[in-house]
Protein chains: 2
Amino acid sequence: MLKNDVKEIFNLINNSDKICIAGHKAPDGDCIGSVMALYNFLKPLNKNITVLMDGNIPYNYKAFIDEKIISNSYNNEEYDLLIVLDTSDRKRLGKFENVLNNSKKTVVIDHHKTNEGFGNINIIDTEMSSTGELVYDILKAADADISLEVAALIYLAILTDTGKFSYRNTTSNTHRKAAELIDIGVNVSEIDNIVYNSKPSNIVRAFMECVSGVELYYDNKLGITAITKNILNKHNADMADIDGVVEYIREIKEVEVSCVLKENDEGTKVSLRSKNNIDVAAVSVKYKGGGHAKAAGFDINENIESTKKIIIEEFKKYFA
Amino acid sequence: MLKNDVKEIFNLINNSDKICIAGHKAPDGDCIGSVMALYNFLKPLNKNITVLMDGNIPYNYKAFIDEKIISNSYNNEEYDLLIVLDTSDRKRLGKFENVLNNSKKTVVIDHHKTNEGFGNINIIDTEMSSTGELVYDILKAADADISLEVAALIYLAILTDTGKFSYRNTTSNTHRKAAELIDIGVNVSEIDNIVYNSKPSNIVRAFMECVSGVELYYDNKLGITAITKNILNKHNADMADIDGVVEYIREIKEVEVSCVLKENDEGTKVSLRSKNNIDVAAVSVKYKGGGHAKAAGFDINENIESTKKIIIEEFKKYFA
């Protein structure tokens, strides 16, 4: 990370009145944690701040957000400064993509390998576990005071994007930063309870129905299941709330790649996870998606059954 | 921790030929990690070392142990030195309890609050996340060289006893030690894959059947389910392998206390987890069990149905 870039970002912030902070579509813990950490950090400066994230906030992250501050629509308003967090390309802004054209300056802060840098200033560090970890480094590089509220949001980002400090992206520095955040006062078990131990029982039932439907292919190396509208309706659940199915299927011993097909109005959203050596980002990029080697995804205009066939065919070269 | 105690432990080790390292009955990740870390640390000293742990090694910990070194029986052999790890009282040694009477000196290393210190030297530190974390501090206090193998076993102990760094016992120092272990070379995602992502599919099915059977009482504040011999037989699974059911039930939003009843030949083993303020160790102690405020358990000579009634009655005072 370049000290000069950090300096320039803080200059831009100081010289801007209307600031927009944006995250990616279907926001996850890292996106929400990073966006809200920056929002709360900037709040005392009395700027006019807009927050944009396209998609529902999952129930377990609602406690970290005052949803009133998030704009649902966007009327081509102009901003002095746009800061885009955790978003690997412009398409990932979803329905808010246009905001890029209506901002005088854009800063991109991200940790995704596939991010080519679509801002005027780009701080992209793929060694970081999470965008939240990178935001923390930026604040520290600027000798900024980090409040407990901001620390908790950065911790949320790190916690969720490292799968509780267990994915390969977890470094010794990630742990050292977690230690510093705890020293600021972050309550780890309280955050863990909100994120992971507050599942409404209808969500638990929907989750189990999705997991039960897993089909295993290629000597159990590929595990696929679907989250259908049918299952969601039956349990009165929202798609954004059924989290962790793809990770759970990856926990089966023989499974090398797990896949969850999420039915939506445009077709199917595909989530992929890899356990060892297979690069699922490479598969996703082929279908105009993105992500990391071990966690990636894409959208496709096909129904569940057709998508399943495509995925099975796609992994033939690895497993057959 | 007293430097003098550490010095004396290392003196005892140096002056002993026959050393026994013992952990508690139904060994878990902290027990196995601590015992094996100490075993591997002592191995180069060419002592005669015996390892005792009463109960099956869960499938996901087998990779960390050469099972040949674990004694299944005990013929009242005498030891110069016995080191008991992660074991809150003598009863928790299970069928190996007698080893205490046949050892010239006993060192107890533990982090359980209920441990009253039944050794000649007792290093009991309830501020530690895990016995593994304490073993690490002891080795560091002795300026010992820590090999990658020993580091990985200490990491295993910390990882599992903190629920992936999420229980209240996780301190900033716990994270700093994890960072040091990673700097020694510990591969976190590899260990995570072995411990959490290697579930045989029959275990996954048995797990889901147990979770599906959950019954909720007192406005969903108490969640109970059972792991019966019937379920185990049906899925060809071993009790030691069905891990995490009690934690999973705790993840339901309204659940304050989760309880799993494990059917065995002597009756029922009760596992309790608390989410917020209820001290389940207090309940367990009443039935001659032990543990921590948020994770405790006991054995009872009753069948599943009677035990369930007892548990429901027991929590009446908290929830009714």
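**From a threonine side chain to the two-fold dimer**

A polar atom of the side chain of T170(A) lies 2.9 Å from the backbone oxygen of Y167(A). This pair belongs to a predicted model, and it offers a convenient point from which to enter the structure. T170(A) is placed in the loop that runs between helix 4 (148-161) and helix 5 (172-184) of chain A. The residue has a relative accessible area of 5%, and it therefore counts as buried, the limit being under 20%. Beyond its neighbours within four places in sequence, T170(A) is in contact with T162(A), F165(A) and H175(A), and also with V188(B) of the other chain.

From this loop one may turn back to helix 4 of chain A and its packing. Helix 3 and helix 4 of chain A pack at an angle of about 145°, and their axes are 7 Å apart. Helix 3 of chain A contributes G132(A), E133(A), Y136(A) and L139(A), which meet V150(A), I154(A), A157(A) and I158(A) of helix 4 of chain A. By class, the residues of this contact comprise six nonpolar, one polar and one charged.

Helix 3 (residues 131-141) of chain A also leads to the sheet: it lies across strand 4, strand 5 (103-110) and strand 6 of chain A, and runs at about 110° to strand 5 of chain A. Helix 2 (residues 29-42) of chain A lies across strand 1 (18-22), strand 2 and strand 4 (79-85) of chain A, with an angle of about 160° to strand 1 of chain A.

The sheet itself is open and consists of six strands of chain A in the order 3-2-1-4-5-6, with parallel pairing. Its edges are strand 3 (70-71) and strand 6 (121-124) of chain A; each has a single partner strand, so one side of each is left without a neighbour in the sheet. At the edge formed by strand 3 of chain A, two bridges join this strand to strand 2 (residues 48-52) of chain A, and the two run parallel. V51(A) has I70(A), in strand 3 of chain A, as its bridge partner.

The contact of T170(A) with V188(B) raises the matter of how the chains are related. A turn of 180° with a shift of 0.0 Å along the axis lays chain B on chain A with an RMSD of 0.0 Å. This is the relation of a two-fold axis. Of the interface residues of chain B, 100% are also interface residues in chain A, so the copies meet through the same surface.

Conventions
Residues are numbered from 1 along each chain as its sequence is written. Chains are lettered from A and ligands numbered from 1 in the order in which they are written. This is a predicted model: local features need pLDDT of at least 70, side-chain atom pairs count only at pLDDT 80 or more; totals for chains, interfaces and linings use all residues. Side-chain values use heavy atoms; hydrogens and water are left out. Helices (H or I, at least four residues) and strands (E, at least two) are DSSP runs, numbered from the N terminus. Buried means under 20% relative accessible area, exposed over 50%, partly exposed in between (1.4 Å probe, protein chains only). A polar contact is a pair of N or O atoms within 3.5 Å; within protein, one must be able to donate a hydrogen and the other to accept it, and residues adjacent in sequence count only if both atoms are side-chain atoms. Contact means heavy atoms within 4.5 Å. Two strands pair if DSSP finds at least two bridges between them. Axes are lines fitted to C-alpha atoms, for helices over the stretch in contact, and angles run from 0 to 180 degrees between N-to-C directions. Copies are superposed by least squares on the C-alpha atoms of residues with pLDDT of at least 70 in both. Ala, Val, Leu, Ile, Met, Phe, Trp, Tyr, Cys and Pro count as nonpolar, Asp, Glu, Lys and Arg as charged, and the others, Gly among them, as polar.
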